[in-house]
Structure formats: structure tokens, C-alpha cells
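Morning, everyone. I have one model to walk through, and I will keep it short. Please bring up the structure.

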Amino acid sequence: MKTLSLIVASLVTAGAAFAAGTGNHSHDEMEVGQPGIAADVTRTITVRMYETEDGEYLYEPRDLAIAAGETIRFEIVNEGENPHEFVLDTMPKNAEHMELMAKFPEMEHDDPNAVRLEPGEKGSIIWTFSNAGTFEFACLMPGHYEAGMRSPVAVN
Ligand SMILES: [Cu+2]
């Protein structure tokens, strides 16, 4: 599994490098932004993960508006009965990543823009939204995105 994670990680990294082109982007910078530091946090947003009785898998909030340049501390709580993920990225990147997850369901992430939580677990991510655009946070575990686990993030 270690080897598989490495292979998958390098595939994802290769994709990111390609998307970044030949600019002076720092290693961690992605289109959606980059990992932030506590001293820069402008807002804390609590994100709940949960399931409904009619089979929907959801986040609260259902969508977000953020100003470009903001550094957000996401406090993420899994209130559901299944493990869930929070993966912050562009919609195309998440779609690509979801295809990999479908092939390798046990795939684990070690990315600064993602966290996976067991039921009852909490996690946090500090993220700087450097670029305007439409992004999303989503759960890429098989079937979860389709069941509703995606919230658009508009950065203006
Ligand atoms: Cu999920």
C-alpha cells in the first residue's frame, strides 16, 4: 500500500506541475491556493460532515464565498456514521482524483489540502486562497460525491 500511495502521489504531483506550467510557483502552491499559517488566519469556518436518513451525504455549509487573499481555518467535524474526506481543489482536479480513488479505493492522502476523518473525528486545515475562481471541497470516497458531498467555494 505504501508503494501504491507513492505512485498515486507522484501522478497527482505530475498533474499539478503540468497545470502550473513553467511559472515561479512554489512547490505547495496549487490553483486553489496554498497551505496557510495560523498567524494569517482571517476566519474560522466549521464544516460538518453528515448523512441524512434518505441517503444523502452532505457538508454544512453547502457553499462558501471567500475573498481572494483570505486565510481560512477549516474546523472539520465528521458527525456521520461513515469515514469521510474533505478535499479542497478545483472541480477538474477533484474529478481526476476521484477516478484514481475509484481504481484504488484504499488510497490514502497525505496532501495539505485534504483530510480524512473517521466517524466522530475532527480535523483542521489552514488554507490561503491566493487566486480568484470557483473551487470546491468534496469527499472523493467511492459514491460519496454523487451522494451530495461537494460544496462549491467561490473566491472573488
Ligand atoms: Cu464521504
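I will cover confidence, then the strands, then one helix.

Keep in mind that this is a predicted model. The mean pLDDT of the protein is 87. Of its residues, 83% reach 70 or more. The weak spot is residues 6-25, where the pLDDT is below 50. Beyond near neighbours in sequence, that stretch makes 9 contacts in the model. Where pLDDT is low, the predicted coordinates should not be read in detail. I will leave that stretch there.

Now the open sheet. It has 5 strands, and the order is 1-8-5-2-3. The pairing is mixed. Which strands sit at the edges? They are strand 1, residues 34-35, and strand 3, residues 57-60. Each of those pairs on one side only.

Move inward to strand 5, residues 71-78, and strand 8, residues 122-128. These two run antiparallel, with 7 bridges joining them. If you want a pair to click on, take T71: its bridge partner in strand 8 is T128.

Next, strand 2, residues 43-51. Strand 2 pairs with strand 3 over 4 bridges, in the antiparallel sense. Here M49 stands opposite Y59 of strand 3. The two strands form a hairpin, with 5 residues between them. Look at G55 in the turn: its phi is positive, about 85°.

A second set of pairings centres on strand 10, residues 150-155. Strand 4, residues 64-66, runs parallel to strand 10 and is joined to it by 3 bridges. Strand 9, residues 133-138, runs antiparallel to strand 10, with 6 bridges. Put V153 on screen. L64 stands opposite V153. F135 also has V153 as its bridge partner. As a reminder, strands of a sheet pair through backbone hydrogen bonds, either parallel or antiparallel.

Last, helix 2. This helix covers residues 91-103, so to speak 13 residues in all. From first C-alpha to last, helix 2 reaches 19 Å. That is close to the 18 Å expected at 1.5 Å a residue.

Which residues of helix 2 are buried? They are K93, N94, H97 and M101. Seen down the axis of helix 2, these buried residues fall within an arc of 95°, so they line one face of the helix. On the other side of helix 2, P92, E99 and K103 are exposed.

That is the tour. Over to you for discussion.

Key:
Residues are numbered from 1 along each chain as its sequence is written. This is a predicted model: local features need pLDDT of at least 70, side-chain atom pairs count only at pLDDT 80 or more; totals for chains, interfaces and linings use all residues. Two strands pair if DSSP finds at least two bridges between them. The expected span of a helix is 1.5 Å times one less than its number of residues. A residue is buried if 20 or more other C-beta atoms lie within 10 Å of its own, exposed if 12 or fewer, and partly exposed in between; C-beta atoms are placed from the backbone. The arc is that of the directions from the helix axis to the C-beta atoms. pLDDT is the predictor's confidence in each residue, from 0 to 100. Two residues are in contact if their C-beta atoms, placed from the backbone, lie within 7 Å.
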